[in-house]
Amino acid sequence: MAADSGTATGIGASPKRKEDFRFLTGRGTYTDDINRPGQTYAYILRSPHAHAEIVKIDTAKAKGMPGVAAIFTGADYDKGGVPCGWQIHSKDGSPMIEPPHFPLCKDRVRHVGDQVALVIANSIAEARDAAEEIDVTYKELPAIVSTGAADKAGAAQVWPDAKNNTCFDWHIGDKAAVDAAFAKAHHVTKLDLINQRLAPNAMEPRAAVGDYDRATGEYTLYTTSQNPHVIRLLMGAFVLQIPEHKLRVVAPDVGGGFGSKIFHYSEEALVTWASEKVRRPVKWTSDRSEAFLSDAQGRDHVSHAELALDKDGKFIALRVNTIANMGAYLSTFAPCVPTYLSATLLAGVYTTPVIYAEVKAVFTNTVAVDAYRGAGRPETTYLLERLVEKAARETGIDRVELRRRNFIPKTAFPYQTPVALQYDSGDYEATLDLALKMGGWADFENRRAEAQKRGKLRGIGISTYIEACGIAPSAVVGSLGARAGLYECGQVRVHPTGSVTVFTGTHSHGQGHETTFAQLVSDTLGVPFESVEVSHGDTNKIPFGMGTYGSRSLAVGGSAIVKAMDKIIAKAKRIAAHLMEASVADIDFKNGEFTVKGTDKKVSFGQVALTAYVPHNYPITELEPGLEETAFYDPLNFTYPGGTHICEVEIDPETGVTQVVNFTAVDDIGRVINPMIVEGQVHGGVVQGIGQALLENCAYDQETGQLLTGSYMDYTMPRADDVPSIKVATHSTMCTHNPLGSKGVGEVGAIGSPPAVINAVLDALRPVGVTDISMPATPHKVWQAIQSAGKAKAAE
Amino acid sequence: MHNFAFHRPASVADAVKAVGSASDGKIIAGGQTLLPTLRQRLASPSDLIDLGAIADLKGIKAEGDGITIGAMTPHAEVASSAIVQGAIPALAHLAAHIGDRQVRARGTIGGSLANNDPAADYPAAALGLGATIRTNKREIKADDYFQGMFSTALEDGEIITAVHFPKPEKAGYEKFVQPASRFALVGVFVAKTKGGVRVAVTGAGQEGVFRPKEVEAALANFSADAAKGAKVPSGNLNSDLHGSAEYRAHLISVLAGRAVAAAK
Ligand SMILES: Cc1cc2nc3c(=O)[nH]c(=O)nc-3n(C[C@H](O)[C@H](O)[C@H](O)COP(=O)(O)OP(=O)(O)OC[C@H]3O[C@@H](n4cnc5c(N)ncnc54)[C@H](O)[C@@H]3O)c2cc1C
């Protein structure tokens, strides 16, 4: 691969995004923009109850309403349930409980928003009018929504097979070794934490259009997906039994996903299935209220953690117990989030030699929980960095010093952790030092003192994190329960005139792949940036793909493109050798030109491309014409971005309002293709992290199971004035096992930031006696914490 | 949204007639409250009577001891009006902090007062300044107008035409936003008027906007420190996800102090 070229569009440059014109002027084509001839509209009647028996559904009157094409209920649905893509086994070796998940409920609803009937009409207004006339008789049942209480005696039971609402009871690590280490600990720090449930809130709500063509027997699904091939596999093979060659899935422009559009949702199956039934295309578009009740939500872990230290402050063992809420159904990747994407990161950036974690997954009468930006890694990072911070306070060791003392040194890579993963590279001291400098750590106390004069409590917090992404080595994840491979596919088509179309199995929904992948290809093949087009999102165009999530697109998808380009260059060299009457071994390729070693002979890449398609002077007995190559790349390991985030807050003690006044993110993400896009990814992630730390929360009524934060009237999204200007820098060590050296940047912002924010809040509140606070640290909560600390002090 | 018949009368008299002859007619002003309600199918009026074409209902003028604002005047216009900024800067400030730019461009003072959302801003100004609500039938004193959350002295089909605000010596408004909706979790309007100090609180009360006696008493000489010391009972205050009654009670005195300090 060419080294950083320094040109305006090469690797390491920041050309403006190719996508900008389309998106910034409203010219994107999203799923809801797609209209098929004769199209109908679907409205889904959803359960108003968290838990109830469906006694009777009377659709007679509704079916007679104007414009109605069909109404279906669970009794009409004759295909399969939505499958789960990951199987976890409990401690005792038994497989997790996998309840059926039919797109329309058969006899019971299990969360507010559960799907009761599908109404199809000529317009959405008519569909909604008809839905109002469906008469459903429910027998309400007690509901359970609390993560911590779901497995306790007396809790309502969500599924008959899942005793104590337990889906699985899993563990990892060496319990005996951990117990032994704790027995000789000099100090033990204990912490109870809640990682609250979040709603992903992509700007574009989900939508799906199913279109069955009776003439060909083919089905087309247009959908808001991060991975159309995965949807084709899951929906085709497991739900509707449609073979791949008769099913096309198109994910056109998608307005944000953050994980919530990875999963195969039952609405996708419903519109595809119903389109065949009514012999017309069927469109469903979620509105925002519906999104709160039907998009998979994120996080929702309750944990207890204990860290054992020796007298020098070295971490000698870690013990964690987590209950993870799955919601009412198992979403596609739900079981792997609290286990293999979370507990395997418990070493963090530290040399803790022995670790033991138990994770119990529970069902509740809530919307399903699955991967949301960071998926498992923000939960672990929050737990570790709060715990380490508390250990520093308790032992009196400076919190930066305590971290340094326990860092995995940069000479120790590859580093085998006690919880399965092997980190390939990193330099935690370097990212820490740079962040301390950029974040003004050394002179913070001046700023604290100055704020105090204005009546404000100022605090600074730090988090040194690592994450595992670039998902994933197929054999490894297969042995851990994944039911799919997680390689990626890239196809490079060089056209006769030398322009290039790249087909990638990853999917861009805000990440700017059309730009970064074009930079990579342009730089490598020496063709102009403008001559490279990146195509994705259509199973009929792209050979195969596993999509975009887990910060995998460049590390895995980009590597597949590199492999395909390697094949292109190898073939092109043979054509060039033929043209220049030289031996292939003597051909060099650089900056788009083929030269013969030791001569001034050269041919351009364009000339070779033309020759490949106009093979008049061509080694036709040895080589096929054409210049197009496909490669699959299966990574050998995860990649391990890491770094340091520093947050500074100012709190108004009178009102409890917390303002984030400074934020610094220094991340090690391996090779950077486009620094501007990297900065944007970090900004977005950090804002979501600040959102989790201070603002966002999915609250359910404990009695009724109603979602109390079901709209933006009550669910607090971060706004521009909630965040400061974020300082971003990278300090990279290269990934050692992929051809690019890239690690992944999509999730680091959301992973590293929440504990930095909360540690800053607690640092600010220390002078008034507050030692703990839960996320989100809303003004109300901060004020209450100050009040109770004051009362406690007064009582002393 | 269900179907409805749409009317756009050119005079208040015609609007009154249209409302009267509809089986379930509803006035629409800026639509910022009503349209979301219709879209969520929480209301399904037979007829919508749009006040947007009635020229008499628009505009801001100086009148007598204060200013008069037409019912259909949008928040953005109140916020940027030189007349309002000159006579009652706190009112312009309040209008500038309602919702977002789009809401301020469409939402109207008449709609806000007719709706009387318990977390809306204008009710605090109207009650705090002792405004007079003018309708097609009569004039109603603010003290008599607000009758509990979403409830007012307006009769069926009665239309607000304008609001008259007497000019205070000084007034201030402090809004503490509910983080998600950015309506008022607590909003406190303080005014030093000829008749004495008036304080009105929005967002906090179970019965909507109200005058906290304790704070008015503490503020007899309009001192910020005195306001902060006022103890507000929390018994009749709202408690929800975003703040307990005790928190709201505390905020009332804090914000009253800040409003006095910022009063102009
Ligand atoms: C996103 C958003 C944020 C908002 N934030 C705030 C905020 O921070 N603070 C705040 O105070 N408000 C806020 N609002 C509400 C906004 O100020 C509305 O404009 C206001 O509540 C209603 O005014 P309208 O002109 O839109 O009335 P409409 O929605 O048209 O009508 C509201 C009600 O009043 C009746 N009505 C309207 N005009 C008259 C009249 N002249 N006489 C009699 N009855 C009438 C209607 O019949 C209807 O019942 C927000 C709204 C939105 C959508």
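The largest cavity in this predicted model has a volume of about 260 Å³. Quite a crowd sits around that space: 24 residues line the largest cavity, and those nearest its centre are His101(A), Tyr265(A), Ser266(A), Ser294(A) and Ala368(A). Two helices of chain A, H6 (266-278) and H7 (288-294), each give at least two residues to this lining. Sorted by class, the walls of the largest cavity hold 11 nonpolar, 9 polar and 4 charged residues.

How do you spot a hole like this? Rolling a probe the size of a water molecule over the atoms shows where empty space is left. Counting cavities of 30 Å³ or more gives 7.

Next up is the second largest cavity, with a volume of about 150 Å³. Its lining has 19 residues, and His301(A), Ser303(A), Thr322(A), Ser342(A) and Leu383(A) are the closest to its centre. Several elements of chain A give two or more residues to this lining: strands S8 (187-198), S13 (298-309), S14 (315-327) and S15 (355-363), plus helix H8 (377-395). Which element gives the largest share of the lining of the second largest cavity? That's H8(A), with 4 residues.

Here are the two linings, class by class:

| Cavity | Nonpolar | Polar | Charged |
|---|---|---|---|
| Largest cavity | 11 nonpolar residues | 9 polar residues | 4 charged residues |
| Second largest cavity | 11 nonpolar residues | 6 polar residues | 2 charged residues |

Technical notes:
Residues numbered from 1 in each chain as written. Chains lettered and ligands numbered in written order. Predicted model: local features only at pLDDT ≥ 70, side-chain atom pairs only at ≥ 80, totals over all residues. Heavy atoms only, no water. 1 Å grid on protein atoms, 1.4 Å probe; cavity = no way out; pocket = protein on both sides within 12 Å on 5 of 7 lines; lining within 4 Å. Points joined across faces, edges and corners; volume = space filled by probe spheres on them. Nonpolar A, V, L, I, M, F, W, Y, C, P; charged D, E, K, R; others polar.
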